[in-house]
Amino acid sequence: MKQKPINAHTGIYGIIGHPVRHTFSPSMHNGAFQACGVDARYLVFEVCPGSLKQAVHGLRALGVSGFNVTIPHKEAIIACLDSLDREAEIIGAVNTVKNIRGTLKGYNTDGEGFVTALRKSGVSPGGKRVVMIGAGGAARAVSVYLARGGIKTLTLADAADRRAQSLAKALKKHFPRTETRVTGASKAALSREARQADILINATPVGMKKSDPLLVDKTVLKPSLVVCDLVYNPPETRLLREAKQSGCTVMNGIGMLLYQGVAAFEIWTGVVAPTGVMKKALLSQVERKHR
Ligand code: NAP
């Protein structure tokens with residue numbers, strides 16, 4: 001479908017972050033607007049931490065229809081919003097904002113994105129024993145949706161132990177049916193836990209660099225284990241490469257990135273997202289980066 005030229009009624013969406021110029025989101029969302037005939041454009045707004053309040057004030061005053069929020073504003077944005085959906089409140093971070101007749105409502109679609117990608121890979125979270133390495137912003141979002149999806153146990157480990165403890169506390173309060181506990185982040189402790197798990201998730205940036213270590217012993221990578229890495233750049237981390245070679249089911253972070261965008265698009269427009277178009281746009285960006 002041909003995109004309508006920009007006019008007086010064109011909806012404005014975008015992303016705020018710092019740094020954010022590397023983002024793949026504009027091609028995904030602009031492609032989706034065009035495919036669905038939605039008269040809107042998605043732009044990138046570089047907003048440094050000291051300017052967040054002013055930037056949100058400006059977006060609100062200009063009547064921007066909605067926006068994504070990325071590092072480092074996902075938590076600080078909450079103070080600038082009028083309301084939050086339940087999951088975003090539990091997670092304590094927002095990645096999607098919708099302008100509803102002048103009031104700004106925050107959502108977090110990262111966790112939903114992960115769980116949708118997991119299901120699309122043929123893995124249901126129900127009844128699963130999960131080990132998650134990392135307890136930062138992404139891990140918080142993913143674990144809330146995994147708990148909501150009915151996982152049996154969740155073992156958390158983070159280099160900053162207090163972060164894992166605080167996440168475990170929040171999960172125990174809101175999802176008492178999931179047995180949540182914290183373990184150490186040493187290779188020995190992680191390997192011991194991963195041996196008992198159905199799903200192993202890396203929610204740390206470890207794996208983005210070629211020289212990064214494997215956080216678990218290779219012997220835990222059994223074919224029955226599902227191994228997920230939230231890292232999408234590179235698309236195949238050392239963990240995923242080794243897991244694939246060992247016969248595990250593997251999933252990188254591209255699916256999560258895609259489906260968080262799909263969920264955001266649907267929150268904003270109320271239109272069923274053209275997932276195929278968004279996936280194609282995203283993959284072509286990833287490919288270009290790795291050419
Ligand atoms: P974050 O808030 O910085 O959290 C990462 C956590 O991992 C921190 O608590 C960090 O502790 C911990 N950590 C680092 N190295 C570790 C290790 N060797 N063992 C145990 N814990 C370790 O980052 P984030 O926003 O959650 O993002 C995490 C990863 O997910 C990034 O690679 C990001 O690109 C990816 N991500 C992907 C998507 C997607 O759509 N696919 C979305 C969001 C994020 P310290 O702070 O003490 O180092």
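These exercises work through a predicted model of one protein chain.

**Exercise 1. Overall build**

Task: State how many helices and strands the protein chain has, and compare its radius of gyration with the globule rule.

Solution:
- Start with secondary structure. The protein chain has ten helices and twelve strands.
- Turn to the radius of gyration. The value is 19 Å, close to the 19 Å that the globule rule gives for 291 residues, so the chain is as compact as a globular protein of that length.
- Add the extents. Along its principal axes, the C-alpha trace spans about 60 × 40 × 35 Å.

**Exercise 2. Domains**

Task: Give the bounds of domain 1 and domain 2, then describe what lies between them.

Solution:
- Set the bounds. Domain 1 takes in 11-108 + 256-289. Domain 2 covers 111-252.
- Place the centres. The C-alpha centres of the two domains are 25 Å apart.
- Count the contacts. On the domain 1 side, 13 residues are in contact with 19 residues of domain 2.
- Size the interface. The size of an interface is often given as the accessible area lost when the parts come together. Here the buried area is about 1,500 Å². Carbon and sulfur atoms give 69% of that area.

**Exercise 3. Polar and charged links across the interface**

Task: Which side chains meet in a salt bridge at 2.8 Å, and which elements build the domain 1 side of the interface?

Solution:
- Recall the principle. Side chains of opposite charge can pair when their charged atoms come close.
- Apply the rule. One salt bridge is found across the interface of domain 1 and domain 2.
- Identify the 2.8 Å pair. E87 and R148 meet there through their side chains, N to O.
- List the elements on the domain 1 side. α3 (86-91), α9 (254-269) and α10 (275-290) each supply at least two residues.
- Rank them. α9 gives the largest share, five residues.
- Sort the domain 1 side by residue class. Eight residues are nonpolar, two are polar and three are charged.
- Finish with polar contacts. Between the domains, two residue pairs are in polar contact.

**Exercise 4. A salt bridge between distant parts of the chain**

Task: How many salt bridges does the structure hold? Locate the partners R21 and E46.

Solution:
- Take the total. The structure holds nine salt bridges.
- Check the distance against the cut-off. The closest N and O atoms of R21 and E46 are 3.7 Å apart, and the rule asks for a separation within 4 Å.
- Locate the partners. R21 sits in the loop between β1 and α1, while E46 belongs to strand β2 (residues 40-46).
- Note the spacing. The partners are 25 residues apart and link distant parts of the chain.

**Exercise 5. Backbone exceptions**

Task: Describe the peptide bonds from H18 to P19 and from N233 to P234, and the phi of R101.

Solution:
- Begin with the background. Most residues other than glycine have a negative phi, and most peptide bonds are trans.
- Inspect H18 to P19. The bond is cis, with omega near -5°. P19 is in the loop between β1 (11-17) and α1 (25-36).
- Inspect N233 to P234. This bond is also cis, with omega near 10°. P234 is in the loop between β11 (226-229) and α8 (238-245).
- Look around P234. Leaving out residues up to four places away in sequence, P234 touches G207, M208 and H290.
- Read phi at R101. The value is positive, near 45°. R101 lies in the loop between β5 (96-100) and β6 (103-107).

Note on methods: Residues numbered from 1 in each chain as written. Predicted model: local features only at pLDDT ≥ 70, side-chain atom pairs only at ≥ 80, totals over all residues. Heavy atoms only, no water. Domains from an automatic or database assignment. Contact = heavy atoms within 4.5 Å. Buried area = accessible area lost by both parts, 1.4 Å probe. Polar contact = N/O pair within 3.5 Å; in protein donor to acceptor, adjacent residues only side chain to side chain. Helix = DSSP H or I, 4+ residues; strand = E, 2+ residues; numbered from the N terminus. Nonpolar A, V, L, I, M, F, W, Y, C, P; charged D, E, K, R; others polar. Rg over C-alpha atoms; globule rule 2.2 N^0.38 Å.
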